[in-house]
Amino acid sequence: MQLSNRKKVIEQKPMTFSERIYFPAIIRGLRITLRHFFKKIPTVKYPEEIRPYSKNFRGQHSLKRDEEGRERCTACGLCALSCPAEAITMTAAERKKGEEHLYREEKYASVYEINMLRCIFCGLCEEACPKEAIYLDGPHVTADYLRKDFIYGKDKLVEPTFDITKLKS
């Protein structure tokens with residue numbers, strides 16, 4: 001049953017001798033190959049050559065310290081709430097006597113973990129933090145073989161302490 005009265009008649013022309021031996025198609029393919037052969041290679045040879053990153057590149061997370069070397073994070077949980085992938089988990093604890101040089105506020109994150117397999121590097125945790133404690137300014141997240149190695153704790157996230165006395169000597 002036809003939906004319209006229009007018919008399309010298709011005629012197949014017989015191929016010429018050169019078309020039957022595919023000579024023009026081979027020449028066209030070689031011409032394209034030679035054109036691409038002399039173009040600049042866009043590949044970056046990674047370990048030796050590192051490509052430039054844009055200014056808004058988001059790398060691995062880092063938990064920052066203040067000027068006195070204390071952790072900025074107060075375990076408010078806003079970064080975990082703003083994370084659309086639910087990659088951040090934390091446990092809050094109270095600061096004890098004698099730990100004033102380690103933590104900025106009375107409350108701190110005793111456990112701070114980011115599941116890098118779930119993280120989509122959107123930067124919302126960075127924007128939500130009122131204490132400017134988390135930034136996505138690190139290098140690429142390195143490859144690994146086990147899933148448990150992609151759960152980054154405070155050992156991988158907190159930036160190292162800066163000792164100014166080492167600079168004076």
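**Strands, cysteines and a core in a predicted model**

User: This is a predicted model, right, so what joins β2 to β3, and how do they run?
Analyst: Yes, the model is predicted. Strand β3 covers residues 107-115 and runs antiparallel to β2. Within that pair, A92 stands opposite A109 of β3. As for what joins β2 to β3, the count is seven bridges.

User: What is the strand order in the open sheet, and which strands sit at the edges?
Analyst: The sheet is open, has three strands and pairs them in antiparallel fashion. Its order reads β2-β3-β5. An edge strand here pairs on one side only, and that describes β2 (88-94) and β5 (151-152).

User: How many disulfides does the structure hold, and why is C83 not bonded to C122?
Analyst: The cut-off for a disulfide is two cysteine sulfur atoms within 2.5 Å. For C83, the closest cysteine sulfur belongs to C122, and that is too far for a bond because the gap is 6.0 Å. Turn it round and C122 has C83 as its closest partner, also at 6.0 Å. The number of disulfides is zero.

User: Are those two cysteines buried or exposed, or somewhere in between?
Analyst: Buried means under 20% relative accessible area, and partly exposed runs from there up to 50%. C83 has 12% relative accessibility, so C83 counts as buried. C122 comes in at 24%, so the label for C122 is partly exposed.

User: Which residues does UniProt place in the "binding site" feature, and what is the largest C-alpha distance in that set?
Analyst: The UniProt record, an unreviewed entry, puts "binding site" at C73, C76, C79 and C129. These positions are spread over 57 residues of sequence yet cluster in space. C73, C76, C79 and C129 are also part of the lining of the largest cavity. The largest C-alpha distance in the set is 10.2 Å.

User: Where is C73 found, and which residues does it touch outside its sequence neighbourhood?
Analyst: C73 is in the loop between β1 (62-63) and α3 (78-82). At 13% relative accessibility, C73 is under the 20% cut-off and therefore buried. Leaving out residues up to four places away in sequence, C73 touches K107, Y108, A109, Y112 and A133.

User: And C76: is it buried or partly exposed, and what is it in contact with?
Analyst: C76 is found in the loop between β1 and α3. Its relative accessibility is 39%, so C76 counts as partly exposed. Setting aside neighbours within four places in sequence, the contacts of C76 are K107 and P130.

User: Which members of the largest nonpolar core touch the most other members, and which element gives the most to it?
Analyst: The core has 22 residues, and I88, Y112, I114 and I134 touch the most other members. I114 is in contact with I88 and I134, among others beyond four places in sequence, including F150 and L157. The element that gives the most to this core, with three residues, is β3.

User: Where does E126 lie, and how far is it from S82 in space?
Analyst: E126 lies in helix α4, residues 124-128. It is partly exposed, with a relative accessible area of 27%, and touches I134, Y135 and L136 once residues up to four places away in sequence are left out. E126 and S82 are 44 residues apart in sequence, while C-alpha to C-alpha the separation is 9.4 Å.

Key. Residues numbered from 1 in each chain as written. Predicted model: local features only at pLDDT ≥ 70, side-chain atom pairs only at ≥ 80, totals over all residues. Heavy atoms only, no water. Pairing = 2+ DSSP bridges. Helix = DSSP H or I, 4+ residues; strand = E, 2+ residues; numbered from the N terminus. Buried < 20%, exposed > 50% of the residue type's maximum accessible area, 1.4 Å probe, protein only. UniProt positions renumbered as here; feature names shortened; annotations may be inferred. 1 Å grid on protein atoms, 1.4 Å probe; cavity = no way out; pocket = protein on both sides within 12 Å on 5 of 7 lines; lining within 4 Å. Contact = heavy atoms within 4.5 Å. Core = buried A, V, L, I, M, F, W, Y, C linked by side-chain atoms within 4.5 Å.
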